[in-house]
Each structure stands twice: as C-alpha cells, then as structure tokens.
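Work through the exercises below with the sequence and the model open. Each task is followed by a solution in steps.

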Amino acid sequence: MCGIVGYVGRGDAVASVLEGLKRLEYRGYDSAGVCFKSEDNTLNLYKKQGKLANLKRALVGVDHFSHSSIGHTRWATHGEVNDLNAHPHLSDTLTTSEMISIVHNGIVENAKEIRDELKGQGFSFKSDTDSEVFLALVQREIRNLSESEKPVVAVCRAFKYIRGNSAFVVQGRNFPELIAVKRGAPLVCGNSDNRDDILVSSDPYALAGVVNTLFFPHDDTVTVLHSSNDVGSMDPVIEFFDLEGNATTGFDTKQQLIDVTTTDKGEFEHYMLKEIYEQPKLIRSLRDYYFSPEGQEMLKNSQEFKPERVHITACGTAYYAGLGIKTFIESIDNIPCQVDLASEFRYRNPLISNKDLGLFISQSGETADTLAAQELCKERGLLTAAIVNVEGSTLYRKSDNNLLIKAGIEIGVASTKAYTLQVLTGRLFSNAMAGKKLDKVLGERFLLLADRISDLLAKVDMIKEIAEEIYNYKGYFYTGRGKYYPSALEGALKLKEIAYVHAEGYAAGELKHGPIALIDEEIVNIAIIGPELYEKTLSNIEEIKARKGVIVGIGPEGDDSAKEICDYYVPLNFKGLEELSPLYVNVANQLLAYYMAKFKGTDIDKPRNLAKSVTVE
Ligand code: F6R
C-alpha cells in the first residue's frame, strides 16, 4: 500500500528518496511523487500517475540536488488515480512561513468534516484526497503559533484533529527539519552511523543498507528529523515528542535485519518465483530455529496456554493459513477453534471471552483489519498471540506472544513462502500448546516436506506444460476436501491475483449444490486428490467430467485410476507427509498460477490494483 520516504542530511536527498521509493514498489502503488527543497528554500513538487519511471522522466533535466526531500507511492483510497491526487501535497499560499508539503499513509476518517470547517475559514483544496486536509490544518496551526512556538507544535495540534489510522511527514519552507507523526500506521526512522543521512519511511526496507538501528515511534509520538547540516555533532539528529510537545521515550529500537544484497531476484525472472524456490531452504531453517534454544524460548509461552477456545483472525492468504492451523488446533490440542476474516470479525460482535486466546496471522504485521481484530481482543481481555513474519511490526509489538515465521522479506505481492511458513509455525504452535516437546518425528516430517518440494521444483517443466495448455480457459474451480480445502482456496486466490482470471476454491463435495451449473468445456477443475476421502473425491471429479469440464488432477504418484479420469495429472508422493501434505500440494498450485500468469503476460510481482501490505480498513 502507500509508501513514505523522507530524507534530510548531507547527501543527495532526491536520490535517496527515489531509491527508497523503488524499494517500496513491491507494496503496490498507482502514482509517485517527490518534493524537494532547493538552496533558496523553495519547495519543488513533481508527481506523476503510474510507475516510478514516469516520475523519473519528469525529473530529467531538473536540477534536483537537495538536502531535504519527501516522497510517496500512492495506492488510491480517496479520489481517483491522477497526478493531482498523487502525493506529496504542497500548499500554494503566498505566505512563506506556511509553505509546507506533506505525504500521508492511511485514511483520515473525519476528512469531510475538517474540509468543510476549513473551507469556512477560507482554505481551498486542489485534490480529492483526505490527505490534503492535514496540509491545511498544519498551515492553519502554523499561522496561529506564538513567536516562541516551533513548527512541531503546529503539527501536534493539527494531528489532534485527525481521526483514524494515519502517518504523515511534513516538510516546511521555513524550517529545516522533517516532522513525522503517526497513529495506527507504520513508521520507522533512523540515521546512518556517520549521521550524514537521516531517513524516515513506512517500511524498514527503504532504510536497508543505510540505517543500522531503527526507531519505531509509538502512536501519537511526533518524530523530528534534523539535518546533520543544521545541528552540531553532539546534538541528536532525531527527537521524539508526545502530542503536548514534551520529549518522550515513546518509541522502540531494533537492529535492521534486512540485507539489501539478499533481496535481488538473482537468476529468477520474478520475485514470486524466487520466493517459491526458497521454500525448501526456509522450511529446513524454520525447523532448525525452533529446535534451537532461542526458538524453544519463543515457543515456551505457548506451552502455558490453556484457552477454552482459540479465535484466529487474518486476511487473504493468511486467513487460509488460519484454516489450516485450525485443523491442527482442533486435532492436536482438542480445543475449539474458530477462524474469522479480520474485516468481518469486529462487526459481528463476536462471542469471545477472556478465557479464550486471540491468534493473529500476518506476513506484514501491518494489515489494518487484523490489527483492529487484535485491538478488540485486547479490549475484551483475551490473551493474544501472533504468527508473523515482520519482527517489530505493529502486530508483533502489540501481541502478548509472538511466533516468527522466519520467511525473510517477501517482495512478490502474491504471498507464497509466507503461507507455507505460517502453516508450519502454526503446526509448531499447536504442538507446544498441547504441552509437547518438539520431537524427532515432527522435525523429520518438516525435512521430508522440504525434500518433496525440492523434488517437485526439479520437475517444474511438467507443471509449465500444463499451464500452457490451460491458461486461456474461461474459468477455474480449485477443489479439495478435508485438510486440502484451504489449499484449494489459496490456489484459486493465487491464480486470480496474478493471472487476472476468475477462479474459485471450493470444497469438492459442495460443487453439486450450485456451482456445477457453470461447468462446461470452457471451465477447468484443478482437483486436489488427497489420500483421504479418496473415492468420494474421484466421484466429485467424475461429476465435472460428465459435464465436459477439463480436469487437472493433483494426486498420488503411481495412481493410474486417478490419472485416467484426469485430462492432465500432477503426481505427488504424499507418503509420510501426513498433516503437512496440503503444503506440498500448495506449491504445485503456486507454480501453476505462476506459469499461467507468465503465459498471459501479466505483471506477476506487482499485479494490478493490489498492495502488499493493506494498511487501510
Ligand atoms: C495474497 C496476499 C494477501 C495477504 C493479505 C494479508 O497473496 O498476499 O491476501 O495475505 O493481504 O496480509 P498480511 O499477511 O500481511 O496480513
């Protein structure tokens, strides 16, 4: 979703901001912009609809060397995608003291109310965005400052009017520092070891390779980033204040874990493919981590949990991982478990009690709906736990307990490796909650899964050939039964996201209760044929076949009767994988979706309309 990058320091501010924005491209965006301060302190704005390349083109021939700049990649919420609605927003007042620019992530829920009030006071608005109201609010508060008050006071006062989750960075013609403030939206900052480069962003990845120690301001903390050009060598370059303007310790500190050198695509054409191929190695390292003393320590709390019920909430792929984890919790822990879409959870007045556990699953740890579900559980006194990838994310910081999935940065917008590691971490969690120690059998099953996935990746041509045959059909049903049902849902989601075709995941036995009306020779059924409910699954396939649907079976190796009824067949060796086998199937689905999208020629790593981290509700 939207990305923020701000820079003050001795270096080339615009170059740093553009580099940061480039790193944030993976989050998804529809326009990009920068504002920079020239030597005479004027603020210069360039913003363009579309890819970052459009913005860079607009900057060709412009002298943009500067020591202060803010930039943004926008994912539209309020107002259509166009140059005007792109960020930054710059005031056009003639009063230089009020000349400021801002960038914003999140949603101002009371934007209309504030806009109407400000219009009554003579302010006018150029864009249709909710963000621009903050620009006007800060202008107004700057105008009302007493002589002794600093601009940070105006930002604090303006922010108090804002409802909803937002992060802003403000740049001013008349003040050298950048001022950032946030509530419920991610923000991180830091400076290079030599203090020459001071950066703020919505994502630590933008700071990788420059900043080693990261600062994460808490909600309602204002961060002031001073240029090293303007402060003495002993003065702090970053300061934190509460909304009353008092210095505060309302921030967390963490070492930067992302290494830019490990985040290029290497030999792979797309990040998604690279991330699919990383899975065997990551499964082995997840196992090693949780068998190590550090990992055991992380699991220790889970051994104490004795909840009456578990409520899992998550979105999208993470929700499907939750469906997989539910089967572990119910079968291994014998505890009732409910899985909710985070966007629905809090609006249905869920029956939750303080004897229950709230379990949240998220790759980014920044998904607004998941965070809101977590907040509700906390308000109702539930113990909370998160299965999360990004250490230090908001979800991570707000959870009573965390289990890291150790997937490394996931750049492809369509989640692949995170799903696999979420489910596996859920398996470890259910084991710990059952009071069991990690045993050799489970460890070996993880290794077997890694090996089987490696074997499948080595036979990728077989899946590629099937993808080439089926990529142009009208629609796709992914079917599975029992523990394979989440894999059917996840398989269909992957295909929709990256190949832009209609696909649905269905419980195989449910098709005849309605959707079978859609089946004809233009519909493909990707049928997961697991060893359990085997005969019933084959009967379900026969029903599709009788209506001329095209069948791609993903089923047991060496099974001629299954193979015979399918038009195409992906043989898998399920033996010994037991409850982990749906993850093996899912990798076949990931590859199938990837190659179908590739034959369609879509933008696989940055599918249209999608954002990697959905920070608005
Ligand atoms: C799909 C995908 C999304 C995310 C969802 C939740 O490939 O990536 O469905 O799973 O937006 O995101 P996180 O896991 O960051 O909370």
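**Exercise 1.** Over the face of which residue does R140 lie, and at what distance from the ring centre?

*Solution.* The model is predicted, so local features need pLDDT of at least 70 and side-chain atom pairs count only at pLDDT 80 or more, while totals for chains, interfaces and linings use all residues. Residues are numbered from 1 along each chain as its sequence is written, and side-chain values use heavy atoms, with hydrogens and water left out.

Step 1. Apply the criterion: a charge sits over a ring if NZ of Lys or CZ of Arg is within 6 Å of the ring centre and within 35 degrees of the ring normal.
Step 2. R140 lies over the face of Y161, 5.0 Å from the ring centre.
Step 3. R608 is placed over the face of Y500, at 3.9 Å from the ring centre.

**Exercise 2.** Find the cis peptide bond that leads into P88, and the residues N41 and E578 with positive phi.

*Solution.* Step 1. Recall the background: most residues other than glycine have a negative phi, and most peptide bonds are trans.
Step 2. The bond from H87 to P88 is cis, its omega being near 0 degrees. P88 belongs to the loop between β4 (68-74) and β5 (89-90); strands (E, at least two residues) and helices (H or I, at least four) are DSSP runs numbered from the N terminus.
Step 3. N41, not a glycine, has a positive phi of about 75 degrees and sits in the loop between β2 (31-37) and β3 (43-49). E578, also not a glycine, has a positive phi of about 50 degrees and sits in the loop between β24 (568-572) and α19 (581-600).
Step 4. Check exposure: buried means under 20% relative accessible area, exposed over 50%, and partly exposed in between (1.4 Å probe, protein chains only). N41 is partly exposed because its relative accessibility is 35%, and E578 is partly exposed at 44%.

**Exercise 3.** How many aromatic pairs does the structure hold, and how are the planes of F215 and F251 arranged?

*Solution.* Step 1. Rings of Phe, Tyr and Trp (its six-membered ring) pair if their centres lie within 6.5 Å; planes under 30 degrees apart are stacked, over 60 edge-to-face, and the rest tilted.
Step 2. The structure holds 17 such pairs. In one of them, F215 and F251 have ring centres 5.7 Å apart and planes at 75 degrees, so they are edge-to-face.
Step 3. This pair links distant parts of the chain, with F215 in β11 (residues 213-217) and F251 in β14 (residues 251-255), 36 residues apart. F215 is buried at 18% relative accessibility, whereas F251 is partly exposed at 22%.
Step 4. Y594 and Y595 are edge-to-face too, because their centres are 4.9 Å apart and their planes at 90 degrees. Both residues are buried.

**Exercise 4.** Which residues of the largest nonpolar core touch the most other members?

*Solution.* Step 1. A nonpolar core is a set of buried Ala, Val, Leu, Ile, Met, Phe, Trp, Tyr and Cys residues joined through side-chain atoms within 4.5 Å.
Step 2. I329, Y476 and L591 touch the most other members of this 105-residue core. Its largest share, twelve residues, comes from α19.
Step 3. Leaving aside neighbours within four places in sequence, L591 is in contact (heavy atoms within 4.5 Å) with residues including L273, Y277, L456 and V460.
Step 4. A second, separate core has 32 residues, among them F125, F134, V155 and I179.
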